[in-house]
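Please look at the chain below and follow its path from one end to the other. The paragraphs after it go from the whole chain to its sheet and then to two of its helices.

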Amino acid sequence: MKDKKKICLISSTGGHLTQLRQLIPIVKDQKFFLITEQHKSTEMLSKQFDVYYLKQQERKSLIFLFVFLFNIINSFLIIAKERPDFIISTGAGAVLPACVFGKLFGAKIIFIESFAKIDTPTLTGRIVYKFADRFYIQWEELRKHYPKAVFKGAIY
């Protein structure tokens, strides 16, 4: 019997999560779990999948640093417990600690830059690009920012 790899699918809410969910059919035969931000729109996910929740973080919020610190600690605990073989992410900022801890624990990091970014890279993408094992762009225009990225078109 073929060993199943453990895959972590992680994103923030909104369009990032919509794109990430497009990948579930690809990993459904593997052991996988989701990490996303806790929000009214993500509550139903726990009825279908194994899900961990992070606090929703907004960089412009006055309590951003506290939320980000909470997410760093929570991400460490989740990744240390689950020890995924692969982490696949469509961004955004809340995913950064899990990607870093995953890399430190030996996971392969696969990052897919946001579909919404055609000409300019995201902050999370610019950081994760430096250590990702595979980095995908959904627009050829982003190649000028990510020369080693793989272009396979859009997830949609």
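What follows describes the overall form, the sheet, and the helices that pack on it.

The model is predicted, so local features need pLDDT of at least 70, side-chain atom pairs count only at pLDDT 80 or more, and totals for chains, interfaces and linings use all residues. Residues are numbered from 1 along each chain as its sequence is written, and side-chain values use heavy atoms, with hydrogens and water left out.

The chain contains five helices and seven strands. Helices (H or I, at least four residues) and strands (E, at least two) are DSSP runs, numbered from the N terminus. Read from the N terminus, the order of elements is β-α-α-β-β-α-β-α-β-α-β-β.

How does the chain's radius of gyration relate to that of a compact globule? For 156 residues, a compact globule would have a value near 15 Å, and the chain has 15 Å, which agrees. This radius is taken over C-alpha atoms, and the globule rule is 2.2 Å times the number of residues to the power 0.38. Along the principal axes, the C-alpha atoms fill a box of roughly 50 × 40 × 30 Å. Of the 156 residues, 45% count as buried, where buried means under 20% relative accessible area, exposed over 50%, and partly exposed in between (1.4 Å probe, protein chains only). Contacts (heavy atoms within 4.5 Å) also link distant parts of the sequence: among those with a separation of 6 or more, 50% join residues 24 or more positions apart.

Now turn to the sheet. Strands of a sheet pair through backbone hydrogen bonds, either parallel or antiparallel. Here seven strands form an open sheet in the order 3-2-1-4-5-6-7, and the pairing is parallel. Two strands count as paired if DSSP finds at least two bridges between them. Strand 3 (51-54) and strand 7 (150-151) are the edge strands, each pairing on one side only. At one of these edges, strand 7 pairs with strand 6 (residues 134-137) over two bridges; isoleucine 137 has phenylalanine 151 as its bridge partner there.

Strand 1 has partners on two sides. Five parallel bridges join strand 1 to strand 2, and four join strand 1 to strand 4. Isoleucine 7 stands opposite phenylalanine 32 in strand 2 and opposite phenylalanine 86 in strand 4. Four of the five residues of strand 1 are buried.

Which strands does helix 3 lie across? Helix 3 (residues 64-82) crosses strand 1 (6-10), strand 2 (31-37), strand 3 and strand 4 (86-89), at about 160 degrees to strand 3. Helix 4 (residues 96-104) also packs on the sheet, touching strand 1, strand 4 and strand 5 (108-112), with its direction at about 160 degrees to that of strand 4. Axes are lines fitted to C-alpha atoms, for helices over the stretch in contact, and angles run from 0 to 180 degrees between N-to-C directions.

Helix 3 and helix 4 also meet each other. Their axes come within 8 Å and cross at roughly 35 degrees. Residues of helix 3 in this contact include Phe68, Ile72 and Phe76, and those of helix 4 include Pro97 and Phe101. The buried residues of helix 4, among them Leu96, Cys99 and Phe101, pack against strand 1, helix 3, strand 4, strand 5 and helix 5 (123-128). Just after helix 4, glycine 106 takes a positive phi of about 95 degrees.
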